Amino acid sequence: MRVLLVEDDPQLGDGLTVGLRQAGFVVDWLRDGAAAAHALGVEEFDLLVLDLGLPRLAGMEVLKRLRGRGQALPTLILTARDATGDKVAGLDAGADDYLVKPVDLDELAARLRALARRSAGRAAPVLCHGDLVLDPAARCVTVAGVPVELAGREYAVLQVLLENAGRVLTRSQIEQSIYGWREEPDSNALEVHIHHLRKKFGAGLIRTLRGVGYTIAKV
Ligand code: CA
């Protein structure tokens, strides 16, 4: 799950980046509205956390441009503005959720998981494939109830494939979802993660479509 965080307060931005990473999100952080509007036009994100009071371009304008382009990216406004009028304006401009600072990180992470679920059309909080269960809130994976240890990236690859079960994801789609801007993966890193996942869950779980990408069947 790749989150674009737009927050101009350096301390808060730093704290949110660290906290959301610990909660399992890939976080890219921008400090002004114009940079955010640009990034949203050229990059793929799974979630947007948007401050309203921003330099260069106001958060509301970022949101209006996003929705004006028809982008459905799940968006949570995170702001100090607690007036009902601001909340109504933000939600009616296309935000999916609205949270007033100071923020509790656990609540923010849970709301983001809920937004991701809803945008994927899923009702259940866990991802299942046969007797394999991935719980995004607990960040754990079990097979028939038995926990399976996964490295961080292995977990992220499995999560994005399960979230898109039945669809083929290209290598670049998977990489965009599991790496932020300053993390350049080795050229064969993804193959290594897939190899480890097959060792842990059996060769049949993840299918390779040569020259296209990877998929997990929908069950
Ligand atoms: Ca601000």
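Student: In the hairpin of S10 and S11, which residue takes a positive phi?

Tutor: This is a predicted model. Strand S10 (residues 206-209) and strand S11 (residues 213-216) pair in the antiparallel sense. The hairpin has three residues between the strands. The residue with a positive phi, near 80°, is Gly211.

Student: Over how many bridges do strand S10 and strand S11 pair, and what is the bridge partner of Arg207?

Tutor: Strands of a sheet pair through backbone hydrogen bonds, either parallel or antiparallel. Here S10 and S11 pair over four bridges. The partner of Arg207 lies in S11 and is Thr215.

Student: In what order do the five strands of the open sheet stand?

Tutor: The pairing in this sheet is parallel. S2 (26-30) and S5 are at the edges and have a single partner strand each, so one side of each lacks a neighbour in the sheet. On average, neighbouring strands are turned by 20° against each other, direction ignored. The order is S2-S1-S3-S4-S5.

Student: What is the bridge partner of Leu4 in S2?

Tutor: Strand S1 (residues 2-6) pairs with S2 in the parallel sense, over five bridges. In S2, the residue bridged to Leu4 is Asp28.

Student: Asp28 belongs to a network of salt bridges; which residues are linked in it?

Tutor: Side chains of opposite charge can pair when their charged atoms come close. A search of the whole structure finds 13 salt bridges. The residues linked in this network are Arg2, Asp28 and Glu43.

Student: Which residues coordinate the calcium ion?

Tutor: In sequence, the donor residues follow the spacing D-x42-D-x1-G. The two Asp residues each give an OD atom and the Gly gives its O, at 2.1 to 2.3 Å. The donor residues are Asp8, Asp51 and Gly53.

Student: Is Asp51 buried or exposed?

Tutor: The cut-off for buried is under 20% relative accessible area. Another donor, Gly53, has 35% relative accessibility and therefore counts as partly exposed. Asp51 has 4%, so Asp51 counts as buried.

Student: Which side chain meets that of Asp51 in a salt bridge?

Tutor: The N to O distance in this salt bridge is 3.3 Å. The pair links distant parts of the chain, 50 residues apart. Asp51 is in the loop between strand S3 (47-50) and helix H3 (59-68), and its partner is in the loop between strand S5 (97-100) and helix H5 (105-119). That partner is Lys101.

Student: How many residues apart in sequence are the parts tied together by Glu183 and Arg153?

Tutor: Glu183 and Arg153 form a salt bridge, with their closest N and O atoms 3.0 Å apart. Glu183 lies in the loop between helix H7 (171-178) and helix H8 (189-201), while Arg153 lies in helix H6 (residues 152-163), so the pair ties together parts whose separation is 30 residues.

Student: Which two helices hold Glu191 and Arg171?

Tutor: Glu191 and Arg171 form a salt bridge whose closest N and O atoms are 2.6 Å apart. The pair ties together parts that are 20 residues apart in sequence, because Glu191 is in helix H8 and Arg171 is in helix H7.

Student: Why does the pair of Phe45 and Trp181 count as edge-to-face?

Tutor: The structure holds one aromatic pair. The ring centres of Phe45 and Trp181 are 5.9 Å apart. Planes over 60 degrees apart count as edge-to-face. The planes here stand at 90°, so the pair is edge-to-face.

Student: Where in the chain do Phe45 and Trp181 lie, and which residue of the two is buried?

Tutor: Phe45 is in the loop between helix H2 (33-42) and S3, and Trp181 is in the loop between H7 and H8, 136 residues apart. Trp181 has 28% relative accessibility, so Trp181 counts as partly exposed. At 8%, the buried residue is Phe45.

Student: Which ring lies under the charged end of Arg31, and which under Arg139?

Tutor: The charged end of Arg31 sits 4.0 Å from the centre of the ring of Trp29. Arg139 lies over a ring face at 4.7 Å from the ring centre. The ring for Arg31 is that of Trp29, and the ring for Arg139 is that of Tyr155.

Methods. Residues are numbered from 1 along each chain as its sequence is written. This is a predicted model: local features need pLDDT of at least 70, side-chain atom pairs count only at pLDDT 80 or more; totals for chains, interfaces and linings use all residues. Side-chain values use heavy atoms; hydrogens and water are left out. Donors are N, O and S atoms within 2.8 Å of the metal (3.2 Å for Na, K and Ca); water is not among the atoms, so sites may look incomplete. Buried means under 20% relative accessible area, exposed over 50%, partly exposed in between (1.4 Å probe, protein chains only). A salt bridge is a side-chain nitrogen of Lys or Arg within 4 Å of a carboxyl oxygen of Asp or Glu. Two strands pair if DSSP finds at least two bridges between them. Axes are lines fitted to C-alpha atoms, for helices over the stretch in contact, and angles run from 0 to 180 degrees between N-to-C directions. Rings of Phe, Tyr and Trp (its six-membered ring) pair if their centres lie within 6.5 Å; planes under 30 degrees apart count as stacked, over 60 as edge-to-face and the rest as tilted. A charge sits over a ring if NZ of Lys or CZ of Arg is within 6 Å of the ring centre and within 35 degrees of the ring normal.
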